[in-house]
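Subject: Structure handover

Hello,

Here is the structure I promised to pass on to you. Please open it alongside this email, and then read on for what was found in it.

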Amino acid sequence: MKIPSTNSNEQIWKNVYSYSKLPQQLELLNDIATNLWWVWNHEGAKLFGEIDPELWKKTEGNPALLLQRLSNKRVKEILGDKELMARIKYVHELFKAYTDAKPDHTKPSIAYFSMEYGLTNVLKIYSGGLGILAGDYLKEASDCNIDLTAVGFLYRYGYFTQTLSMDGQQIANYEAQDFTSLPLTQTTTSDGSPMLLEVPFHDRTVYAHIWKVSVGRIPLYLMDTDIPENSEWDRSITHQLYGGDWENRMKQEYMLGIGGILLLNKLGLKKQVYHCNEGHAALINAQRLVDYINKDNLEFNEALEVVRTSSLYTVHTPVPAGHDYFDEALFGKYMGHFPQQLGITWQEFIDMGRTNPGSNEKFCMSTFALNTCQEANGVSFLHGKVSQEMFAPMWKGYFPQELHVGYVTNGVHMPTWMATEWKKFCYEKFDDNFINDQSNKDLWEKIQQAPDIQIWEIRRALKNKLIEYIKTQYTENWLKNQGDPSKVVTILDRINPNALLFGFGRRFATYKRAHLLFTDLERLAKIVNNDQHPVQFVFTGKAHPADGGGQGLIKHIVEISRRPEFLGKIIFLENYDMRLARRLISGVDVWINTPTRPLEASGTSGEKAEMNGVLNLSVLDGWWYEGYREGAGWALTDKRTYENQQYQDQLDAATIYHLLEDEIIPLYFAKNNNGYSPEWIRFIKNSMSQIAPDYTMKRMMDDYFDRFYNKLATRSAALTKNKFSEAKKIADWKKEVAAHWDSFQIESFDYDKSSTYQPIVGNDYTIIIVIDRKELKGMLGVDIVYARENPENHKLEFVFSDPFDLKKEEGTKLYFELKRTTVEFGHLKVGFRVYPYNEKLPHRMDFAYVRWLQS
């Protein structure tokens, strides 16, 4: 018998992590490294840069990884450096003084749920604006000492890293994160073993490990399903942000909503207000309903009152197509077991996610959120109006302008996004409490007295930092994908610190219209090749891997940038992330934003630019619709000239060229003997003093409390006290009204037809309506509604409404009267409607029964 030459079983491997063990004297560094306080506190980041400058760069600014890779030699050097040891002690004292502060219990406590959080480039659990906003929100909550707990996912691969092929095609690279080398900690049980969250699905249990990110004073708990206890099918739930098919998205949103509440339950955390950052988290309220029914013995409608009165939904998309819709079969597969727990039918449950109950519409997470949250808001004034229009079909008895859907305009976390040079300037010119009072316009006004040369020197320093960053970070990549090394040298040589530098950085969706600048290449070539007035444009951004149009746009811009007349004048920087963003929004001179109006819900990149003396050139959309001030930036009109989008794009492009050639470029280069333009500095001063203070995250946080959190917490407390007695009363009242809504009758309707339907401005008129409620016990209200037909689209538009006064009540009869003076001119339509009235309701959309009257 021949003896086999090989014999081996399957290879068996285990993960082994080898890292430096810090001596006790340096354990203070671990405290700081595992809390993201260092992200927005310069002293912290600066300290890690001093620990090992070269390693700090190699780890891309990751202090946890830096400490793991610290050599024994360097550790000994640090221990022997008295000055550095003193710095470590000093920074740790600053850190502890900040983090040891107790939460402000005079403000409502918040539970916050989001699919993504943009906190730092080293923690890849974000893709773009939604995540950056959520990250900024947590940082500001920490600075404001809010009692807040946040919930999300720890993605194994996160969002993709972008590279470009030789021909300019976007390549999406998904790189696994090593959780043990990130600035976070695993949540464990009392015996030190990893906490295991059990989330019951329809046919199995999905398990998750829990990781905690300390964001200053705020805990962010992240679920991780990529563990051995799960099947491969379920391990992938937390692999990619916005990756996979619709079934994976369903599992993610089930996990975020249902799992998120179960996680808080397991941690023993209960908050006063529950905030869904977008519809992805809407199912938190499905689980909360189950909990109130099972634990507090409430009926479904009683539980719904309790859940609604403590819930807020924030919408970030301006179009219906941007919401998540699930086929009934897929939704039923994962949520089919919930109606029985809720004590309602499947039809009743799925209808909570439909604009038209009883139809065959897909289940919409946003609609479910609106039906289970008392309050809802858009993310700018204009987006609030757009959201009212978008959601109006849910409340058919009311006009969009009457809806409860409000707004809070997004802001940015100033300590994160304002460059260190500007922060030093503000502390010097304003006062030591500036960070805590950053929305105070009186403080910002002091910038007007600053010497022009000081403003100019800060701007020059930040531009030079950006240019150095580009040369350092991108030379190697350009050599890989440009093909011709001489072209790379040309690009580097042509990056001119004396040029007027424009920046464009955002997600490459087609509605963002990055192509506008390239509508007339001959005209653009003249602009960028003027030796007397050098101008350069820097573009960056990622397109979703499934967005062929966005990827094609990137390829188109890259191709143009490689043409001889644009080489080194039009530059595309790949892999837009938080590091690049921070350099770009502070280093360019003008920030460009050209979305198709009204598709920019808010946009915050321009707000970040504002914090750094960078001027905005933008369409009057999103935040800029509110923020624009003449003499402090430039705006493309919010008025639409053409229905044809191609024609509108051409007109907007021509407007941009005109602004560049006749206003912006001449203004920048109208330089004095000191090498700067006094008028340009005046624009910067106006921009920072008149606009910036209104767009901080501090102002945004204050608005959320003033407009939503405080009233939600107050009403929630009222409804839940005395074993939910008030919630039960309201639920019973609604049940009674619903049962007898069709029973009431109009007994009389008295008015002077000529004065009501042909009123003369300035004349008074009186209308009296008597209603017999019959079997209906609930109180009613009546109002008169005036509307006007829009001549362009023939839609009725709300003008105003006026409630009738209830003059008396006799038995089942209600006597209403309205006395008014005519003040409106022109052709109007008038109508009368009856609605259920209860002073305990937060708004009419809470119980939107309406009967329009024949008059």
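Before the sheets, one definition helps: two strands pair if DSSP finds at least two bridges between them. Please also keep in mind that this is a predicted model.

With that in hand, let's begin with the strands. β21, β22, β26 and β25 form an open sheet of four strands in that order, and the pairing is antiparallel. The edge positions belong to β21 (745–751) and β25 (805–810); each has a single partner strand, so one side of each is left without a neighbour in the sheet. On average, neighbouring strands here are turned by 15 degrees against each other, ignoring direction.

Within this sheet, take a look at β22 (residues 764–772) and β26 (residues 813–821), which pair in the antiparallel sense over nine bridges. If you want a spot to zoom in on, T766 stands opposite K819 in β26.

There is another open sheet of four strands, with the order β24-β23-β27-β28 and antiparallel pairing. In this one, β24 (796–803) and β28 (851–852) stand at the edges; each has a single partner strand, so one side of each lacks a neighbour in the sheet. Eight bridges join β23 (residues 780–789) to β27 (residues 829–836) in the antiparallel sense. Here I784 is the residue opposite F832 in β27.

Now to the helices. As a reminder, two packed helices are described by the angle between their axes and the distance between the axes. Helix α8 (residues 129–143) packs with helix α30 (residues 697–740) at an angle of about 85 degrees, and their axes are 9 Å apart. Since angles of 65 to 115 degrees count as roughly perpendicular, α8 is roughly perpendicular to α30. On the α8 side, the contact is made by L133, D136, Y137, E140 and A141, which meet M697, K698, M700, M701 and Y709 in α30. These contact residues divide into seven nonpolar, no polar and three charged.

Which residues of helix α6 are buried? In α6 (residues 72–79), they are R74, V75 and I78. These three cover an arc of only 105 degrees around the axis, which puts them on the same side of α6. The face turned away from that buried side carries the exposed residues N72, K73 and K76. As for what covers the buried residues of α6, this includes α3 (42–51) and α7 (82–99).

Finally, two single residues may be worth a click. V122 lies in the loop between β1 (110–113) and α8. Is V122 buried or exposed? With a relative accessible area of 8%, V122 is buried, as buried means under 20%. Leaving aside residues up to four places away in sequence, V122 touches T59, E60, G61, N62, Q177, L182 and P183. V122 and S181 are 59 residues apart in sequence, while their C-alpha atoms are 9.7 Å apart in space.

The other residue is Q287, found in helix α11 (residues 284–296). Q287 is buried, with a relative accessible area of 8%. Again not counting residues up to four places away in sequence, Q287 touches I258, I261, L262 and F338.

Enjoy exploring, and best wishes!

Notes: Residues are numbered from 1 along each chain as its sequence is written. This is a predicted model: local features need pLDDT of at least 70, side-chain atom pairs count only at pLDDT 80 or more; totals for chains, interfaces and linings use all residues. Side-chain values use heavy atoms; hydrogens and water are left out. Axes are lines fitted to C-alpha atoms, for helices over the stretch in contact, and angles run from 0 to 180 degrees between N-to-C directions. Helices (H or I, at least four residues) and strands (E, at least two) are DSSP runs, numbered from the N terminus. Angles under 35 degrees count as roughly parallel, over 145 as roughly antiparallel, 65 to 115 as roughly perpendicular and the rest as oblique. Contact means heavy atoms within 4.5 Å. Ala, Val, Leu, Ile, Met, Phe, Trp, Tyr, Cys and Pro count as nonpolar, Asp, Glu, Lys and Arg as charged, and the others, Gly among them, as polar. Buried means under 20% relative accessible area, exposed over 50%, partly exposed in between (1.4 Å probe, protein chains only). The arc is that of the directions from the helix axis to the C-beta atoms.
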